[in-house]
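Colleague: Can we go through the charged pairs in this one, and then look at a helix? Short answers are fine.

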Amino acid sequence: MKITDVEVIGLRVPLANQKCEWGEDAVIVKIYTDEGIIGIGETDSSPFVIKAIIETPSSHDASVGLKELLMGENPLDIERLWSKMYNGSSYMGRRGAGIHAISAIDLALWDIAGKFYNVPVYQLLGGKFRDEIAAYGTFIPVDRPEENRTIAAKMLEDGYKSVKFGGGKFGFNEKYDVAVVSEIRDEIGEDITLQIDLVGRWKTYRHALHMCQLLEKYNLNWVEEPVPADDMISYSKLARTGHTKIAGGEALTTRYEFSHFLEIGKPDIVQPDITRCGGITEMRKISELAKLNGTQLVPHGFSTGILNAATVQFLAAFESGDLMEFSQSTSPLFKDLVVNPIQCINGHVKVPDLPGLGIELNERVISKYQIF
Ligand SMILES: [Mg+2]
């Protein structure tokens, strides 16, 4: 089998001059083969940048577009192709968007392999440990603290036993932060697990420590990205205080960055995003690193149904893969891009048994929002 084409599709719901949030833009990769099998992948990154990294003509041996590296190759050689892409793009890649693009391609290659062998991806990863996975729901809070009660109550009605929020105005103001956590904890009661996500906004170790102490009475399950992703020293100081579990890592790529994060930052939970960290191939290596450090791994996931499908296949085959994130986005790219999306019912998702990643794309949704 040979790769005959790599197609990059950009999608966007709002106009180009308007902000996207809640997964309102997306970039999909389709890999075509001479046997008629098509693999699907995505990355949660900047669509135009990803298109450039995949389609750019080569400059020299360490600055080659990913498509050029893949044409004519056997798509089943996933590990070898990962290395070929990593080395061949090392001048403009190695981290960040370069690895995001490789992640999208890696997911598509696993999808092809599953379809070729007619098994779900979890089978190729060594088999599934479980038939369903617990999921926690993530939402972006609205501005008025008390109005978040309605959102949280609806999630409980939908069966969620674990809830996380972050973004919006949360993280910039001490009084506001306490008010939002207080309203939501009061609404959901003590039996529901509650996490908060600061997307780095508490900025310094000292302020983050102060906030963790203030919020201790609300019994938070974890505090996510309290400080910026590169501030490893603040992570390590917070970890030492032991106030609450510290989570992070959605911005990191490759086993190299996670190794550094685990060693220096000493987080309680690492959160690689399967569409950003290097795909399924790299996620497996990161999961072994997490295990070696006695650290929990709960993947980040806030994009389309392609991400959810890939995350579920990986978690099913990962011994400690018993929790996933489930976006509460109402974007059509989250809800409708995949014809048969993973559903969260009573706080759990079922592991599908279809070949590959087990997804079918809705071509009508693609043509409606396609920007390239
Ligand atoms: Mg986060």
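Colleague: Start with Glu-282: buried or exposed?
Modeller: Glu-282 is buried, at 0% relative accessibility. Keep in mind that this is a predicted model.

Colleague: Which residue forms a salt bridge with Glu-282?
Modeller: Arg-255 does, and the closest N and O atoms are 2.7 Å apart. Arg-255 sits in helix H10 and Glu-282 in helix H11 (residues 279–292), so the salt bridge ties together parts that are 27 residues apart in sequence.

Colleague: And Arg-255, what is its relative accessible area?
Modeller: The value is 24%, so Arg-255 counts as partly exposed. Its partner Glu-282 is buried.

Colleague: How many salt bridges does the structure hold?
Modeller: There are 25. One of them joins the side chains of Arg-95 and Glu-257, at 3.9 Å from N to O.

Colleague: Where do Arg-95 and Glu-257 lie?
Modeller: Arg-95 is in the loop between helix H3 (78–88) and helix H4 (96–117), while Glu-257 belongs to helix H10 (residues 254–265), so this pair connects parts 162 residues apart in sequence. Arg-95 is partly exposed at 24% relative accessibility, and Glu-257 is partly exposed at 23%.

Colleague: What about Arg-149, which side chain does it meet in a salt bridge?
Modeller: That of Glu-187, at 3.0 Å from N to O. The pair links distant parts of the chain, with Arg-149 in helix H6 (residues 148–157) and Glu-187 in helix H7 (residues 174–188), 38 residues apart. Arg-149 is partly exposed at 23% relative accessibility; Glu-187 is partly exposed too, with a relative accessible area of 29%.

Colleague: Which residues are linked in a network of salt bridges?
Modeller: Glu-73, Asp-77, Arg-80 and Lys-84 are linked in one.

Colleague: OK, change of topic. Which residues of helix H8 are buried?
Modeller: In H8 (residues 205–214) the buried ones are Tyr-205, Ala-208, Leu-209, Met-211 and Cys-212. They lie on the same side of H8, because they cover an arc of only 165° around the axis.

Colleague: Why do residues three or four places apart in an α-helix point the same way?
Modeller: Because an α-helix has 3.6 residues a turn.

Colleague: And what do the buried residues of H8 pack against?
Modeller: Their contacts are with H7, strand E7 (222–224) and helix H9 (232–241). H7 came up before, as the helix that holds Glu-187.

Definitions and conventions. Residues are numbered from 1 along each chain as its sequence is written. This is a predicted model: local features need pLDDT of at least 70, side-chain atom pairs count only at pLDDT 80 or more; totals for chains, interfaces and linings use all residues. Side-chain values use heavy atoms; hydrogens and water are left out. A salt bridge is a side-chain nitrogen of Lys or Arg within 4 Å of a carboxyl oxygen of Asp or Glu. Helices (H or I, at least four residues) and strands (E, at least two) are DSSP runs, numbered from the N terminus. Buried means under 20% relative accessible area, exposed over 50%, partly exposed in between (1.4 Å probe, protein chains only). The arc is that of the directions from the helix axis to the C-beta atoms. Contact means heavy atoms within 4.5 Å.
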